[in-house]
Amino acid sequence: MPAPSPSGPNAASPEVAEIERALTRVTYLGTRTRHHDRLRALADVPLDRAAVALLRQIADCEPMRPGEVAHRLGVEASHVTRTVQQLQRAGYVTRVPDPDDGRAQRIRLTDAGRLAVGRIREAGAGEMQLALAGWRPEELRQLATLFHRMVDDFLAYSAETEGEPGAVAVAGHEEPDK
């Protein structure tokens, strides 16, 4: 049963309210400790959730300054600094000079970091494949296309309303093969 939507000039339509509810459920499922522990075991990558999130972000946009990583993940810079130090000691990331500012550094994945991200993504995709086994390929393509479109629209909206640097630059995606 759809949740009642608030009234007012910025009230969401019932359809958008249902999308928001579904995204909240998906986010919850994807961030549960049990889910992370299962993926970590499948991928054989001994990292906590914060380290995995940071590795994924760097893999998508590397190399990045720690402050930019913190902004994109919505966490304090000190959290990123500690996690980067942990990942650097474990051999997953390295610091490289920022070509735009000689005083600054960027974070880049090492070969071990790229391998770890690949294994994590492979484990996640495998779990998703099993969960969505009853879906037809055309339904999966449509869902992927709509998800990418939604993320692109969120990034564009964020860039417009918050002046988020680089939001539009990472908004692009490749359409799945049809």
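This passage describes the packing of helices H3, H6 and H4 and the backbone at two residues, Asp44 and Gly74, in a predicted model. Local features are reported at pLDDT of at least 70 and side-chain atom pairs at pLDDT 80 or more, whereas totals for chains, interfaces and linings use all residues. Residues are numbered from 1 along each chain as its sequence is written, and side-chain values use heavy atoms, with hydrogens and water left out.

Helices (H or I, at least four residues) and strands (E, at least two) are DSSP runs numbered from the N terminus. Helix H6, residues 111-131, has 21 residues and reaches 30 Å from its first C-alpha to its last, close to the expected 30 Å at 1.5 Å a residue, the expected span being 1.5 Å times one less than the number of residues. In H6, Gly113, Ala116, Val117, Ile120, Ala123 and Gly124 are buried, that is, under 20% relative accessible area with a 1.4 Å probe and protein chains only, where exposed means over 50% and partly exposed in between. Seen down the axis of H6, these buried residues fall within an arc of 125 degrees and so line one face of the helix, the arc being taken from the directions from the helix axis to the C-beta atoms. On the other side of H6, Asp111, Leu115, Glu122, Gln129 and Leu130 are exposed. The buried residues of H6 pack against helix H2 (33-43), H3 and strand E2 (101-109), contact meaning heavy atoms within 4.5 Å.

The axes of H3 (residues 49-61) and H6 come within 10 Å and cross at roughly 105 degrees, with axes fitted to C-alpha atoms, for helices over the stretch in contact, and angles running from 0 to 180 degrees between N-to-C directions. H3 and H6 are therefore roughly perpendicular to each other, a term covering 65 to 115 degrees. Val52, Leu55, Arg56, Ala59 and Asp60 of H3 meet Ala116, Val117, Ile120 and Arg121 of H6 in this contact.

In helix H4 (residues 66-73), Pro66, Val69 and Ala70 are buried. They cover an arc of only 100 degrees around the axis, which puts them on the same side of H4. The buried residues of H4 pack against H3, helix H5 (77-90), strand E1 (93-98) and E2. H4 is followed by Gly74, whose phi is positive, near 70 degrees.

A positive phi, near 55 degrees, is also found at Asp44, a residue other than glycine. Asp44 lies in the loop between H2 and H3 and is exposed, with a relative accessible area of 56%.

Conventions. Angles under 35 degrees count as roughly parallel, over 145 as roughly antiparallel, 65 to 115 as roughly perpendicular and the rest as oblique.
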